[in-house]
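Reader: Hello! Could you take me through one part of this model closely, namely how its helices pack against each other, with the cut-offs spelled out as you go?

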Amino acid sequence: MPSIEEEIQQSTFRSPAHRTQVNIIFTAAWINQRTTQALRPYGLSIQQFNILRILRGRNGKPATIKLLTERMLDKMSNASRLVDKLKEKGYVMRQECETDRRRVDIVITEEGLEVVGKASEGVEAAMVENFNNLDDKDFDELSTMLDRLRG
């Protein structure tokens, strides 16, 4: 398995912290690229997949754009635009809230549930392949360190 130095063809870094930062950024891009490949057969972007997973996790309860934005992994994504694209595909519906007509609720459709289920299987299979060099202890240690990094 190549080191970060080999991957980006850079032999030195200013500090161990700098090396780690570059490694995290490089690895995140690597994971995103592989996830994108796993989602391609389902016609979904990572951000669209994230919205569908959030909605599926609500078990039929509607969500607002604000809630979706708060829960999304990529905070820079435009949730409203993503919902529009998912609506065009028939995966979500926009509904006027019965108690507050100014609020628009987003719900996942049966077709959306079906595609997110299949896409989740594809992403899980890719994850198993991508992370086959690590065991459960490694995952726990890495997750703990990343949580500490974020403070």
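Author: Happy to; here is a walk through the helix packing, followed by a residue beside it and a ring pair.

This is a predicted model, so local features need pLDDT of at least 70, side-chain atom pairs count only at pLDDT 80 or more, and totals for chains, interfaces and linings use all residues. Residues are numbered from 1 along each chain as its sequence is written, and side-chain values use heavy atoms, with hydrogens and water left out.

Let's start with helix H2 (residues 16-39) and helix H6 (residues 110-130), which pack at an angle of about 140° with their axes 9 Å apart. Helices here are DSSP runs (H or I, at least four residues), numbered from the N terminus. Axes are lines fitted to C-alpha atoms over the stretch in contact, and angles run from 0 to 180 degrees between N-to-C directions. That angle makes H2 oblique to H6; the classes are roughly parallel under 35 degrees, roughly antiparallel over 145, roughly perpendicular from 65 to 115, and oblique for the rest. On the H2 side the contact (heavy atoms within 4.5 Å) is made by Trp30, Arg34, Thr35, Ala38 and Leu39, and on the H6 side by Ala119, Gly122, Val123, Ala126, Glu129 and Asn130. By type, the residues of this H2 and H6 contact divide into six nonpolar, three polar and two charged. Here Ala, Val, Leu, Ile, Met, Phe, Trp, Tyr, Cys and Pro count as nonpolar, Asp, Glu, Lys and Arg as charged, and the others, Gly among them, as polar.

Next come helix H3 (residues 46-57) and helix H5 (residues 79-88), at an angle of about 85° and with axes 10 Å apart. H3 and H5 are therefore roughly perpendicular to each other. Gln47, Gln48, Ile51 and Leu52 of H3 meet Ala79, Leu82, Val83, Lys85 and Leu86 of H5. The residues of the H3 and H5 contact divide into six nonpolar, two polar and one charged.

Now for Ile65, found in helix H4 (residues 65-71). Leaving aside neighbours within four places in sequence, Ile65 is in contact with Ala79, Ser80, Val83, Arg94 and Ile106. Ile65 is partly exposed, with a relative accessible area of 23%; buried means under 20%, exposed over 50%, and partly exposed in between (1.4 Å probe, protein chains only).

Finally, the rings: Phe131 and Phe139 form an edge-to-face aromatic pair, 5.9 Å centre to centre with 65° between the planes. Rings of Phe, Tyr and Trp (its six-membered ring) pair if their centres lie within 6.5 Å, and planes under 30 degrees apart count as stacked, over 60 as edge-to-face and the rest as tilted. Phe131 is partly exposed at 24% relative accessible area, and Phe139 is partly exposed at 27%.

Technical notes:
Helix = DSSP H or I, 4+ residues; strand = E, 2+ residues; numbered from the N terminus.
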